[in-house]
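I opened this notebook page to keep track of what I looked up, going from charged pairs to helix faces and then to the core.

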Amino acid sequence: MAWIVWLAAGLALVFALSGLVGRLVPSWRYPDDGKPGRDLRLDLFRGFIILAVVITHIEVSGPYSYLTLHAVGAITGAEMFVFLSGMVLGMVYPLGVARFGEWASAVGAWKRARKQYVVTLVVILIVFALSFVPLLDTDAITTFTDRGTGLDGVQAEGRVYDLYPNAMQLLAYPPPWYAIRQFLLLEMGPWPFNIMGLFVVLSLFIPVFMWVIRRGYWWALLLVSWALYVFQAVDPGFKPLNAQFDAVFPLLTWQVVFTHGLVLGYYRRQITRALTGRLGKVLIGVLVCGYAAFLVYVWAGDRFGFTPAPFPATMYQDLYNTAYQRVDLQWGRLIDIAFFAIVSYAILTVFWKPVSAVIGWLWIPLGQASLYVFVWQVFFALVIASLPLDYGNVWIGTAVHTALILLSWYMVRRKFLFSVIPR
């Protein structure tokens, strides 16, 4: 919780200073000409997020993992990955409609969803096949040890889940239907890849969502989205699907991040103009600084022993478990997603030239191929888990993470298997 507090405070301070820097050094700003197309700020941000996902899933010690596990506030790579994917699709989908028409764009979106689904099935099968290869520790990704952070809480910590139930039955002749059904409905698969099922399902609804948004009924879409979110919060045991991802990324909960990304991406120009006007700057400044001040205030109450009125004395101690749980995306985490996205976008706008010069060569291409990198990280995690390494050694962990980051960048630059793996 302290990391969440002080990261928010630090980012709010940089956000406040960015206004001054923007006036003093305007040459650093992002050269936004207002034309439709890719926004390199989002690509760079996605590059950072996908690397956070890769580093988190490659479970070795080092400064990279320390930063991704602690110093990104209440968010993880997963929710920002979903949010930014929705936002980018909200930006590029209208370009396809303008060029090819609405129906052709819808068919293209469904074909992309089909490709994602096929790739997901192939990855599941490849990992299953690799389980028969000697010396490969596939248990590292085909089973999952509960860390006590799921819906079952700390009482489930240490529980081991078999993520390939009845997979061996697929080798029977003929294979029983229940095993085939579990495979086709994504009820099995490696844990570093389970969010892919969420993307497959959400991708099927993109044409419908965009049809609604394009006709100006974005508010209706968001009302339905929030209604589903509240319904899942009231009845967390309800699962519209029995897919593996629904236990970790509940569909009715996590769709709220994706749909908001779609709407924000579609209306990005209008929203940017509104937020960069005089009134918009004041409102955003108040909200950003107010959120950070609230966190510092309740932290100070706990640290120095006073009641942070009007909040209860136990506010800080209870805050993480009541506001920042990841699986059900509690209110604090949703606020932190918006906070992190707004502040990061503003900082990248003002400090674009130095930031892109230092790290853009790496983060931008990885961000533009984030789904591709996400597919490969499954096999990176398997290989590293199978090597006889001292996973607690900081130097070894740093070397491993550095090598995999550079390997991912090289594979993207060389467009290795780009025609097969979705980007």
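Entry 1, a charged pair. I was working on a predicted model, and I began with R181, which is partly exposed, with a relative accessible area of 31%. I then looked for its partner and found that the side chains of R181 and E187 meet in a salt bridge, with 3.1 Å from N to O. E187 itself counts as buried, at 10% relative accessibility, because the cut-off for buried is under 20% relative accessible area. I also noted a network, in which salt bridges that share partners join D39, R41 and R268.

Entry 2, the partners of E102. I asked which residues pair with E102, and I came first to R214, which forms a salt bridge with E102, the closest N and O atoms being 3.1 Å apart. E102 lies in helix α5 (residues 102–130) and R214 in helix α8 (residues 195–214), so this pair ties together parts that are 112 residues apart in sequence. I then found that R215 also forms a salt bridge with E102, with the closest N and O atoms 2.9 Å apart. R215 lies in the loop between α8 and α9 (218–234), and E102 in helix α5, so this pair ties together parts that are 113 residues apart in sequence. I checked the exposure of each residue: E102 counts as partly exposed at 25% relative accessibility, R214 is partly exposed with a relative accessible area of 32%, and R215 is partly exposed with 36%. By the rule I used, the count of salt bridges comes to six.

Entry 3, a charge without a salt bridge. I looked up R46, whose place is in helix α2 (residues 40–57), and I found that R46 is buried yet has no salt bridge. The nearest side chain of opposite charge is D43, at 4.4 Å, and I count no salt bridge there because the cut-off from nitrogen to carboxyl oxygen is within 4 Å. Not counting residues up to four places away in sequence, I listed what R46 touches as R38, L84, S85, V88, G367 and S370.

Entry 4, helix faces. In helix α7 (residues 177–184) I noted A179, Q182 and F183 as the buried residues. Seen down the axis of α7, these buried residues fall within an arc of 100°, so they line one face of the helix. I found that the buried residues of α7 pack against α5, and that α7 is followed by L186, whose phi is positive, near 60°. I then turned to helix α13 (residues 315–323), where M315, Y316, L319 and A323 are buried. Seen down the axis of α13, its buried residues fall within an arc of 80°, so they too line one face of their helix. The buried residues of α13 pack against α1 (2–24), α12 (278–304) and α14 (331–350).

Entry 5, the core. I looked up the largest nonpolar core, which has 124 residues, and I noted that those with the most contacts inside it are I58, M80, L198, L295 and Y372. The largest share of this core, 12 residues, comes from helix α16 (residues 370–386). I followed one of these residues, L198, and, leaving aside its neighbours within four places in sequence, I found L198 in contact with V82, F245, F249, L251 and W254.

Terms used: Residues are numbered from 1 along each chain as its sequence is written. This is a predicted model: local features need pLDDT of at least 70, side-chain atom pairs count only at pLDDT 80 or more; totals for chains, interfaces and linings use all residues. Side-chain values use heavy atoms; hydrogens and water are left out. A nonpolar core is a set of buried Ala, Val, Leu, Ile, Met, Phe, Trp, Tyr and Cys residues joined through side-chain atoms within 4.5 Å. Buried means under 20% relative accessible area, exposed over 50%, partly exposed in between (1.4 Å probe, protein chains only). Helices (H or I, at least four residues) and strands (E, at least two) are DSSP runs, numbered from the N terminus. Contact means heavy atoms within 4.5 Å. Lys and Arg count as positive and Asp and Glu as negative; His and the chain ends are not counted. The arc is that of the directions from the helix axis to the C-beta atoms.
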